[in-house]
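Please look at the sequence and the structure shown below, and keep both in view while reading. The report goes from whole chains to single residues.

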Amino acid sequence: MSMVRDIPAVTADATTDIMNKLTDLFLTFAKIGLFTFGGGYAMISVMQEECVNRKKWVSDEELMNVTVMAESTPGPIAINCATYVGYRQSGMIGAVVSTLGLIIPSFCIILLLSAFLSDFLKIKIVADAFRGIKIAVGILMVDAAIKMLRKKTFKPLQRMLVAGSFLIMLTSGITAVRISSIAVMLTGAVVNLMVFLIKNGGKGK
Amino acid sequence: MIYLELFLGFLKVGFFAFGGGYAVIPLIRDVVMSHGWLDDEMISYMVALSESTPGPIMVNMATYVGASQAGIAGAILAASAVVLPSFFIILLLAALFKKVENNRYIKVILGGLKPCMIGIILATGVMFIGKNCQEGNTVVQLNSLNTALSAFQVNHLNMFLTVFLAICYFGSAKIIKKGISPIQLIVLSAIFGMVVFA
């Protein structure tokens with residue numbers, strides 16, 4: 001809360017108002033952060049309930065726009081939404097407070113759990129459970145990719161990029177030749193940009 | 001220096017994590033493995049832990065890696081590094097959303113980034129499954145294609161469980177309206193793990 005005190009006090013009333021608003025933002029997003037598992041779209045529906053229906057901080061339309069925005073920018077969708085709503089409500093400091101509110105509960109939980117995980121894993125039945133979970137994780141990742149593929153309509157070149165990056169990463173995994181996934185993504189962006197420029201260059205702008 | 005490495009590593013993850021959720025696992029795996037912080041075994045535990053605790057997976061994983069490498073300070077650094085890029089990008093976009101959205105160069109660049117991301121996630125998922133179905137996957141380290149092929153022995157129990165869970169997961173969507181959710185699959189897999197491997 002030290003940030004809150006840094007706000008220049010215009011009047012005593014205005015300061016209290018800002019304080020209340022920031023506290024409200026923090027607590028609301030902390031609640032969202034604490035009760036949504038898995039992140040992503042699960043969080044969007046909770047966000048809708050809290051920010052649109054209850055608090056009326058943003059309109060449904062606006063939240064939809066943020067979701068679209070979040071889709072094409074890096075970072076978890078929930079965090080993008082929190083930053084945006086906070087910014088709309090109380091500017092830069094609102095954005096900071098809302099984002100922190102969303103992160104802090106899970107941060108504390110993980111911090112606590114990480115201290116015990118390795119001891120925890122020595123128990124036979126826990127280790128067995130995690131062996132099962134490991135299998136589920138693989139399935140879930142394949143599922144995430146399939147869902148993304150279905151949602152988007154791709155041009156032929158983009159389909160080639162999907163297949164190409166898949167094969168490159170798979171080969172890199174099997175042969176243990178380390179290829180950075182970020183390098184693969186950047187190559188994809190450059191290829192797509194080049195093809196676009198060549199096509200448009202031919203038309204003479 | 002570990003703090004700087006954590007911060008820069010997760011800053012990189014934050015910049016390229018389009019779509020959030022599982023999309024981020026390959027990126028984090030990349031950073032974590034290249035520094036030798038955790039192995040595949042621990043990474044999948046970490047994914048399970050991040051999935052079964054509240055909050056965005058990306059932040060949870062960053063916190064976990066940071067905490068395991070450099071305590072609380074490491075956790076704070078990693079978690080903030082992973083959030084910072086998207087934080088500033090959204091602030092920027094909140095101001096100029098309409099203009100940026102329709103910029104065709106940005107569209108083309110994103111149009112190249114996203115398909116690759118999907119390919120990478122798919123490959124990582126397939127590798128995860130492949131490693132799980134392999135005998136003694138905790139001991140055997142794959143160093144070249146030859147040793148990989150000669151060392152590949154199927155672990156029937158794991159393979160059976162993989163097929164079974166996949167059928168449950170993908171099949172349930174056809175029977176029940178929404179199907180099994182990821183968190184339900186994890187619970188289910190834990191239960192079956194306890195039964196099958198006991």
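How many helices and how many strands does chain A have? Chain A has 8 helices and 0 strands, in a model that is predicted. Read along its sequence, chain A therefore shows no element other than α in the pattern α-α-α-α-α-α-α-α. Chain B likewise has 8 helices and 0 strands, and from the N terminus on its elements run α-α-α-α-α-α-α-α.

The table sets out some values for the two chains.

| Chain | Residues | Share buried | Share of contacts (separation of 6 or more) joining residues at least 24 apart |
|---|---|---|---|
| Chain A | 205 residues | 39% | 47% |
| Chain B | 198 residues | 49% | 55% |

**Where the chains meet**

The contact between the two chains takes 83 residues from chain A and 91 residues from chain B. On the side of chain A that touches chain B, at least two residues each are supplied by helix H2 (12-35), helix H4 (60-71), helix H5 (77-120), helix H6 (124-151), helix H7 (156-175) and helix H8 (181-202) of chain A. Which of these helices gives the most to that side? The answer is H6(A), with 21 residues. Sorted by class, the residues of the side of chain A that touches chain B divide into 52 nonpolar, 25 polar and 6 charged.

One residue that takes part in contacts across the two chains is Leu185(B), which is found in helix H8 (residues 182-196) of chain B. Leaving aside residues up to four places away in sequence, Leu185(B) touches Ala136(A), Ile139(A) and Leu140(A) of chain A, and also Leu165(B), Tyr169(B) and Ile180(B) of chain B. Of these partners, Tyr169(B) is 16 residues from Leu185(B) in sequence, and the two are 6.8 Å apart in space, C-alpha to C-alpha. Is Leu185(B) buried or exposed? Leu185(B) counts as buried, because 24 C-beta neighbours lie inside 10 Å.

**Within chain B**

Chain B is divided into domain 1 (1-106) and domain 2 (133-198). The contact between these domains joins 4 residues of domain 1 with 4 residues of domain 2, and the side of domain 1 that touches domain 2 has, by class, 1 nonpolar, 1 polar and 2 charged residues.

Two helices of chain B, helix H2 (residues 24-34) and helix H5 (residues 104-132), pack at an angle of about 70°, with their axes 8 Å apart. Since angles of 65 to 115 degrees count as roughly perpendicular, H2(B) and H5(B) are therefore roughly perpendicular to each other. In this contact, Ile25(B), Pro26(B) and Arg29(B) come from H2(B), while Ile120(B), Ile121(B) and Thr124(B) come from H5(B). By class, these residues are 4 nonpolar, 1 polar and 1 charged.

Helix H3 (residues 40-51) of chain B has 12 residues, and the distance from its first C-alpha to its last is 16 Å, close to the 16 Å expected at 1.5 Å a residue. H3(B) is mostly covered, with 9 of its 12 residues buried. The buried residues of H3(B) are Ile43(B), Ser44(B), Tyr45(B), Met46(B), Val47(B), Ala48(B), Leu49(B), Ser50(B) and Glu51(B).

Another residue to find in chain B is Gln69(B), whose place is in helix H4 (residues 57-101) of chain B. Why does Gln69(B) count as buried? The reason is that Gln69(B) has 20 C-beta neighbours inside 10 Å, and a residue is buried if 20 or more such atoms lie within that distance. Not counting residues up to four places away in sequence, Gln69(B) touches Ile2(B), Leu6(B), Trp37(B) and Gly74(B). The C-alpha atoms of Gln69(B) and Phe10(B), which are 59 residues apart along the chain, are separated by 13 Å.

**A loop residue in chain A**

Back in chain A, Lys56(A) lies in the loop between helix H3 (41-54) and H4 of chain A. Lys56(A) has a positive phi of about 55°, although it is not a glycine. Is Lys56(A) buried or exposed? With 8 C-beta neighbours inside 10 Å, Lys56(A) counts as exposed, because a residue with 12 or fewer such neighbours is placed in that class.

Note on methods
Residues numbered from 1 in each chain as written. Chains lettered and ligands numbered in written order. Predicted model: local features only at pLDDT ≥ 70, side-chain atom pairs only at ≥ 80, totals over all residues. Axes fitted to C-alpha atoms, helices over the stretch in contact; angles between N-to-C directions. Helix = DSSP H or I, 4+ residues; strand = E, 2+ residues; numbered from the N terminus. Parallel < 35°, antiparallel > 145°, perpendicular 65-115°, else oblique. Contact = placed C-beta atoms within 7 Å. Nonpolar A, V, L, I, M, F, W, Y, C, P; charged D, E, K, R; others polar. Expected span 1.5 Å × (residues − 1). Domains from an automatic or database assignment.
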